[in-house]
Amino acid sequence: MVDFLTAVLRFRGQAYDIPVGVADLDGLTEDRLRADFLAAYRQVYYYVPSGDTPIEIMGVGMTMSQLSREDVALGAADVAAGTPSPGRVFENRRWHDTQLYRQGTFPVGVEMPGPIQIEDVTSTLFVPEGWSLRRDEHANLIVRKVEAS
Amino acid sequence: MKLDAAERAIIADALIACAREMGEKLFRSAFSTVVREARDASASVLDAQGAIVAQADLIPMHLGSMDRTIRPCLEAFPRETWEPGDVFITNHPYQGGQHLPDIFIFTPVIVDDQLIGFAATIAHHIEIGGGALGPNMFATDLHQEGVIIPPTKINLARDWNGGPFERLFRANIRVPDQVIGDLNAQIAANSVGESRLAALCRKYGADAVKSAMSDLMDYSERRFRSAIAAAPNGTWTAEDSIDDDGFTDEPRTVRVRVTIADDEIVVDFTGTDAQLRSNLNAPLSSTISAALSCLKSVLTEPDLPFNSGCARAVRFVVPEGTMINPHYPAPNRARMEVCYRVFNAIMRALAAPLPDRVIAGGYDSTVSFSLSRLDGDSFRVCMEVFGGGYGASSTADGCDAVDSPLSNCANTPVESLDMEYPYFQVCEYSLRDGSGGEGIHRGGLGFVRHYRILNDDVQLVFYSDRFRNAPEGLRGGLSGQPGGLELIRSGATLPPVGKYTGTLRTGDEIRLFTGGGAGFGTPSS
């Protein structure tokens with residue numbers, strides 16, 4: 001079931017947008033959305049410039065919910081383990097050779113010593129020497145310091 | 001009004017939080033890349049007399065002298081002339097301002113007819129009109145550098161939002177949507193500050209808030225004086241130079257004499273070279289901001305709230321007619337370069353009495369880099385501000401590839417430039433190996449930025465410093481590498497230059513390499 005719908009808007013030229021809740025899809029009009037955006041803008045910034053600066057819709061979000069009795073394993077089962085490629089990281093004034101994995105291709109349940117790199121769409125995890133990495137069945141990446149022998 | 005310690009601390013931190021929130025709101029609602037990405041803007045809370053009470057940790061250069069900037073506004077427009085919706089606006093370098101792109105807006109905060117203080121912001125605007133597309137490197141007086149806004153009171157309902165002041169201003173700048181958008185972001189940030197201060201007054205009472213403002217400045221003064229008193233008494237001299245005056249190859253020098261006497265400090269710039277014909281002059285407010293920033297960073301701990309209380313312990317002697325206190329109408333667009341030499345000269349002077357609290361010379365220059373184009377009937381202006389490597393200290397290597405200490409801007413992401421500007425491309429953005437001076441701790445690395453031009457008639461305006469004179473190391477640390485800019489056309493590379501204005505065409509390439517910081521301590525030891 002759809003819980004609620006959100007439009008994210010901003011004045012054209014800005015980099016940050018403001019979410020505006022849409023309670024009544026049937027009654028939604030351009031004027032209504034504009035008025036709701038300006039009200040939300042004033043709530044955040046306490047000031048709304050007048051004028052005809054265009055407003056752009058950057059996205060529409062929908063929140064849905066469904067009751068389930070089953071556990072959901074996030075992203076663990078649907079991506080096969082991959083082969084790493086060679087990578088390099090500059091740290092402590094020198095380069096380190098690493099094993100580079102794409103997000104989701106690091107094997108599940110295996111604990112591997114650093115240096116390792118995991119590249120995600122928006123971030124890169126670097127596990128240095130002296131630390132180890134394991135990925136659990138829910139796609140959590142668990143980094144541990146290796147005990148000195 | 002006497003506050004207990006807990007109440008005073010709560011209100012004082014709320015004032016600082018207010019300034020920080022203003023800064024964040026300014027960035028989030030801004031339009032230009034130079035404000036929303038590079039974050040070249042600042043925010044403060046001032047008391048009813050215009051003294052700086054609290055400020056966000058943003059651009060040191062903007063913040064140290066806001067009290068000097070608002071003073072001419074308050075003198076020109078007495079309290080009885082104010083109306084609801086009034087704000088003060090100015091960018092006049094010879095009436096408390098800095099350089100013309102830096103526009104200050106002050107919003108009075110009035111609660112129950114009582115003036116509590118001012119919400120204040122400053123932003124470096126991407127364009128300010130004037131005699132060139134981008135910074136006017138050939139300006140020989142202030143008027144050629146852009147629109148001058150003297151200390152002015154405008155009413156947002158009457159004069160802004162399509163009113164006469166906005167219309168006049170809009171007509172005199174080339175990218176009005178971005179500049180007006182950023183000014184609206186400043187007004188929004190001030191509105192946030194106004195609201196937060198009013199809420200504090202409702203919660204604790206106006207008298208309590210005003211008392212906490214006064215206490216916070218007194219607290220900073222006490223800690224600042226205590227830090228000065230912990231340093232040895234004495235007088236030390238030093239100097240540092242900019243590469244040239246913009247017209248000849250002759251370096252120009254800032255000379256300083258720093259005297260510490262118990263809990264006071266005198267900074268005397270007598271002997272500094274005369275004002276210049278070029279835009280490498282620094283107005284007095286900029287000089288004082290640069291000097292206070294250096295003193296604060298060397299003498300005190302980072303947690304000390306910086307406000308007008310700190311300045312009470314410092315006396316400045318800045319002779320008129322020098323390049324750090326020039327007479328109107330000397331141009332001053334590139335004032336940061338000489339302000340960095342103010343910063344460096346004081347740092348060098350303090351190296352003798354406080355060797356473990358200073359850092360070696362960094363690249364310490366502003367690289368102002370502008371690529372602009374007239375596309376049909378609309379202008380596009382890209383303005384970036386770069387630094388390089390920090391100087392090393394007795395405890396750490398210098399930071400790599402960051403903006404210099406007085407500016408503190410962020411590097412604009414390449415992705416953001418790709419989205420905004422179709423007429424050039426960034427092909428390389430990398431650390432510059434070997435640019436930091438060696439030492440027990442090495443200087444920070446500069447970086448390389450390589451551009452390819454994708455259209456004809458692109459205007460490049462560029463200036464920087466430390467292209468000839470490298471930053472010097474401390475205690476045997478080696479110098480950092482100077483910076484440079486090469487223009488590559490049809491496979492031929494023109495020699496590196498420190499200042500440039502010219503028109504580029506499709507296929508031209510620009511290779512910018514910023515300098516590294518100097519090292520600390522003899523490397524072999």
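Which residue in strand 14 of chain B stands opposite Val426(B)? The residue is Tyr451(B). The model shown here is predicted: local features need pLDDT of at least 70, side-chain atom pairs count only at pLDDT 80 or more, and totals for chains, interfaces and linings use all residues. Residues are numbered from 1 along each chain as its sequence is written, while chains are lettered from A and ligands numbered from 1 in the order in which they are written.

Strand 13 of chain B and strand 14 (residues 447–453) of chain B run antiparallel and are joined by 7 bridges. Strands here are DSSP runs of E with at least two residues, helices are runs of H or I with at least four residues, and both are numbered from the N terminus. Two strands pair if DSSP finds at least two bridges between them. In general, strands of a sheet pair through backbone hydrogen bonds, either parallel or antiparallel. Strands 13 and 14 belong to an open sheet of 5 strands in chain B, with the order 13-14-19-16-17 and antiparallel pairing. Its edge strands, 13 (424–431) and 17 (492–494), each pair on one side only.

Chain B is divided into domain 1 (5–222) and domain 2 (359–525), with bounds that come from an automatic or database domain assignment. The C-alpha centres of these two domains lie 30 Å apart. Their contact takes 19 residues from domain 1 and 24 residues from domain 2, where two residues are in contact if their C-beta atoms, placed from the backbone, lie within 7 Å. On the domain 1 side, helix 2 (33–36) and helix 3 (60–63) of chain B each supply at least two residues.

The largest nonpolar core has 157 residues, and those with the most contacts inside it include Leu15(B), Val53(B) and Cys339(B). Such a core is a set of buried Ala, Val, Leu, Ile, Met, Phe, Trp, Tyr and Cys residues joined through C-beta atoms within 7 Å; buried means that 20 or more other C-beta atoms lie within 10 Å of a residue's own. This core draws at least three residues from each of the two domains of chain B. Leaving aside neighbours within four places in sequence, Cys339(B) is in contact with residues including Met61(B), Ala282(B) and Leu406(B).

The contact between the chains takes 16 residues from chain B and 10 residues from chain A. Helix 7 of chain B gives the largest share of the chain B side, 9 residues.

Methods: Buried ≥ 20, exposed ≤ 12 C-beta atoms within 10 Å, placed from the backbone.
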